[in-house]
Amino acid sequence: VQDSSSPSARAPITRKKIHGHVGFSNLPNQIRRKSVKDGFQLTVMVVGESGLGKSTMINTLFDSPIYAPREPLHPAADRPKTIAIESTQAVIEENGVRLRLTVVDTPGFGDFVNNAPSCNPILENIEQRFDAYLSQEHRVRRANLVDTRIHACIYFIQPTGHALKQIDIEFMRHLHHRVNLIPVIAKADTMNDDEIADFKERILSDLEFNGIQIFQAPMYEDDDEESLAEADEIARAIPFAVVGATQRVRTRDGRKVRGRAYPWGVVEVDNPAHCDFGKLRQMLVRTNLEDLREYTNEVLFERWRTEKLLAMGYTQDASVFAEFDPAERLQEDRIVHEAKLAKLEASMKEVFREKVEIQERKLKQSEVELYGRHKEIKDQLNKQWEELVKKKAQLEGAMSSPDASRKKTFRG
Ligand code: GDP
C-alpha cells in the first residue's frame, strides 16, 4: 500500500491488525456512537533523536508490536544523509470499536552533524498531507475523504535534565503552527522525581521564551467535575515524563506489570506514581482524540489553507476563507481573465482596422494623384505630338514649293 500523501510515497506502509487494550472504546458515548460504524482514525507522528525510545513508546502506547526493534546505528557506520519518513498503519479493535492508527516515523532526525535541514522534510510532509486533503475536498464527489493529516506530533526530548537543546527549539519553532505538538521527556526512568519536576519547569519556560505553542487540551465548562479534574491533571503533567516498555516483569509484591526492572525495583509503565505514560495515552486516544482531530482540521489546516491562498495572491479578508472554495475562485478568475483578453483582442482588431483603412485611403489618394499626373503627362505628350505633326505638315508643304525652296537655299 502506498501513502500518496507522503513525500516518501515510496516508503512501504505496513498494515497490522492487532487486538489490544488501549482505552479508546471508553470514549464518551456520543462520540463513540458516531464513530462505531466508521471507526476512529488517528495519525500520529513521532520525532526525536535515534535511541530515545520512540518505537518502544509506540508499541507501549498501543500495546502491540507495531514497530519491530530497530538495530541501533553503529558509531562507525555512515550516518544517513536524509530523513526517511515512514508510515505504519495498524487497525486496533477494542470492544467492537475500531481505531485506524497511522504512525509516521522520522528516522534520521537529529543524526546529522548539522541538524538545520532536519525540520524541512518533516514540515514538507505535514504540508503535503494538507495538500492531499485539500485536493480531495475539491473533488466533486467528496464522500469518503481520506484524512492522512497528522493529528499529533509526539516530540521526544532527551532526558538531560538541563534545558531544551537547540535542535528541540528549532524543530518545535518550525512546526508548532502546523501540528499539535506533544512534547515528552523520553526515558524518564533515568531521572528521579525532583530532577523530572525541575526539568519540566525548565522545558516549559524554554517553550514560553521561544514562543512555542504546544497542544493545549480544551476545557469544557459543561464537563462534570471528575472529567474537569482529570483534564486538569493531564494538562499539568505536560511535558509528559514517559517510560516505554512492552515486556512484562514481576514486581516485588508479585504483580506482573509492563515495566523496566532495576536492581532497586521495577519502574511501572502504567503506574501514574512512576511516570506520565498513562496520561499521554489518555490524552491521545481517550480524552483528547477528537480535540486533536478538530484542532487539526479547524485551526491548523485552515491556517495553512489561508496562508497558501494569501501566498497565491488572494488578499481577501481571511475570515471568508472558511466558506471559500479556491477551485471556484480560480474558475471565476479564469473567466474574468478570458473576458479581459477578449476585450484586449477586440480593441487591437479595431486599431488594426483603422490603420488599414487609413493606409488604403492614402493608397487610393496616391492612385488618383498618379492617375491625374499620368493623364496630364499624356495630354501634354499628345499636344506636343499634334504640334509636331502640324509642324511637319507645314515643313513638307514648304519644301514642296520651289520659291520656298530657293529662298530657303538662299537664306541658307
Ligand atoms: P528509537 O530509535 O527512538 O525508536 O528508540 P527505540 O525504541 O528503538 O529504543 C532504543 C533503546 O532504548 C532500546 O534499547 C530500548 O529498549 C530503550 N528504551 C526505550 N524506551 C526506554 C525507556 O523508557 N527507558 C529506558 N531506560 N530505556 C528505553
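A residue counts as buried here if 20 or more other C-beta atoms lie within 10 Å of its own. By that yardstick, 29% of the 412 residues in the protein chain are buried. The model is a predicted one, and its protein chain carries ten helices and ten strands. As for contacts with a separation of 6 or more, 73% of those in the protein chain come from residues 24 or more positions apart.

Now to one of the sheets. Three strands make up an open sheet, lined up in the order β8-β9-β10 with antiparallel pairing. Strands β8 (248-250) and β10 (265-268) sit at the edges, and each has just a single partner strand, so one side of each goes without a neighbour in the sheet. On average, and with direction ignored, neighbouring strands of this sheet are turned by 65° against each other. In general, strands of a sheet pair through backbone hydrogen bonds, in either a parallel or an antiparallel manner. Here, β9 (residues 256-262) and β10 go for the antiparallel option, with four bridges between them. Arg 260, for instance, has Val 267 in β10 as its bridge partner.

That leaves the ligand, which has 16 residues around it. Gly 53, Lys 54, Ser 55, Thr 56 and Lys 187 are the closest of these. The biggest share of the shell around the ligand comes from helix α2 (residues 54-61), which puts in three residues. Sorted by class, the shell comprises eight polar, five charged and three nonpolar residues.

Technical notes:
Residues numbered from 1 in each chain as written. Predicted model: local features only at pLDDT ≥ 70, side-chain atom pairs only at ≥ 80, totals over all residues. Helix = DSSP H or I, 4+ residues; strand = E, 2+ residues; numbered from the N terminus. Buried ≥ 20, exposed ≤ 12 C-beta atoms within 10 Å, placed from the backbone. Contact = placed C-beta atoms within 7 Å. Pairing = 2+ DSSP bridges. Axes fitted to C-alpha atoms, helices over the stretch in contact; angles between N-to-C directions. Near = placed C-beta within 6 Å. Nonpolar A, V, L, I, M, F, W, Y, C, P; charged D, E, K, R; others polar.
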